Amino acid sequence: MQIEIITTHPYNDQSPGTSGLRKKVKVFQQTGYLENFVQSIFDSLHNFTGKTLVLGGDGRYFNRPAIQTIIKIAAANGFGELIIGQGGLLSTPAASHLIRKNNAFGGLILSASHNPGGPDEDFGIKYNVGNGGPAPEKYTNAFFQRSLSIDSYKTARIDDIDLDCIGAYQIDGLKVTIVDPVADYAELMQSIFDFNLLKQSIGSGYITLLFDAMHAITGPYAKRILVDMLGATPDSVINAEPLEDFGGHHPDPNLAHAKELAERMFNSKAPVFGAASDGDGDRNMITGSHIFVTPSDSLAIMAANAHLIPAYAQGLRGVARSMPTSQAVDRVAARYNIPCYETPTGWKFFGNLLDAGKITLCGEESFGTGSDHVREKDGLWAVLFWLNLIARKRQPVADIVHEHWQKFGRDIYCRHDYEAVEMDIANGIVEHLVNQLSALPGQTFGEYKVKYADEFSYEDSVDGSVSSKQGIRIGFDNGSRIIFRLSGTGTVGATLRIYLERFEADASKHDQDAQTALAELISLAEQFCEIKKRTGRTAPDVVT
Ligand code: G16
């Protein structure tokens, strides 16, 4: 194989965020930009000569050319085999599964997740390690450091690979295997859930469903699993065809962006169950007829009922949630006497806990839930989990949720996002918040007395690594919390996220609207951070 060494100059903005490097497509299209980052990753890894790399993406604009570029760099750097999803497509959880199943050295996943796609929109790339999970911080820090001084990259002089033809090819000593992106994943799902029961429940009409693939990666997965394998009607899957620009929409599964689904679930003819997934298939939104289940509640309900799912019938070893996720799952863990871990935002922080067997289930408020079956959050897995639950409990979604609240109380929760805030203003807000922290404990604001106020710092109980400055927490005597964080996944300015949470034990108050129930906390949050005052905005861009 003929290998070329290409001289390059470093870029200074290749620091991976919460989940890999996400930038505008135009940034990735700069000369050597993608090449530098991929070479920086390979330069930071050791002992992979002859080993296997999994490669695939969510199909967004720039996916195919990026894959061809990466194939050549991976070949030149000495990988022995590349496993690539047909058409360059792999959902994030399916990629995680392929890495694990094939004992691959790692994988590169091309996605900017729920961010929009197209020539003027976003692209992203992240490296997953051999356990199938996102590279921990010690890796991502090394990639960034290397990117700051890189002066050349290696590329193989080989023709572009035909990504559409399934099969294995030998190219100058490199094995390239193009796989069906869905088959292995579908088999894994079949090993976790009760497919016979699901087939019966769907076939008999007990469960009617609507799944919104948002013109993103889960279309082919949902069609194969929900329609072909479980017998749902073809019109149960909407926006099923993956498009490079997601049809011009944000492939972000929430009530604002999954609009058609939201309208149909709150309509008189609503099906029993509705769900959506995001660009790369790792997020999920769960709804039932006339009810939206918050991701934090969904995690807690899954934990409380996991014994009803075949793969988790023996019970859970433990659970984990990201810090800003509501404390609903903590109550379940306490009741069942299993450990509950609180990690920073970012799926990478769950990897060690899963590998060490300390947890079985984990999730985040940002529409992510998963288990030890892969090392990523998993959208369709969550959908199947809920379908299996409905089939086993023979209850509609609203009843399952209300029963859960009655048993454990309700953690009323919402998140307000202020997007594309000028960096200077966002940094000023954070500084202003940090300056108040030491004086807040003990102060009373209406019915809320501050118990603690700090910046969240996490020590990994498996490898002892410490991650500091992971969000500002203000906790109150009654268990309520306000949390402030700057997002690590945006590509324009800064996104300030404000997470608000209040516990309600009284079942007669469980049906309150969250914004109303949280009104006092919402105005306290403004008092602390002054986002409206400093930006002149009157309301958040997104409320979830
Ligand atoms: C990623 C991470 C998640 C995180 C989310 C939001 O998800 O994998 O762990 O919760 O971003 O992060 P932030 O609040 O920093 O924007 P995804 O689906 O975008 O890959």
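**The ligand site and the domains around it**

Let me begin with the ligand: 19 residues surround it, and of these T18, E364, G488, T489 and R497 come nearest, where a residue counts as near if one of its heavy atoms lies within 4 Å. Please keep in mind that this is a predicted model, in which local features need pLDDT of at least 70 and side-chain atom pairs count only at pLDDT 80 or more, while totals for chains, interfaces and linings use all residues. Residues are numbered from 1 along each chain as its sequence is written, and side-chain values use heavy atoms, with hydrogens and water left out.

By class, the shell consists of one nonpolar, ten polar and eight charged residues, with Gly counted as polar and Asp, Glu, Lys and Arg as charged. Polar side-chain atoms lie 2.7 Å from a ligand oxygen atom at R283, 2.8 Å at S113 and 3.2 Å at H114. Taken alone the ligand exposes 460 Å², of which the protein buries 99%, by the Shrake-Rupley method with a 1.4 Å probe.

Turning to the domains, an automatic or database assignment divides the protein into domain 1 (3–181), domain 2 (185–408) and domain 3 (410–543). The C-alpha centres of domain 1 and domain 2 are 28 Å apart, and their contact (heavy atoms within 4.5 Å) takes 36 residues from domain 1 and 34 residues from domain 2.

How values were computed: A polar contact is a pair of N or O atoms within 3.5 Å; within protein, one must be able to donate a hydrogen and the other to accept it, and residues adjacent in sequence count only if both atoms are side-chain atoms.
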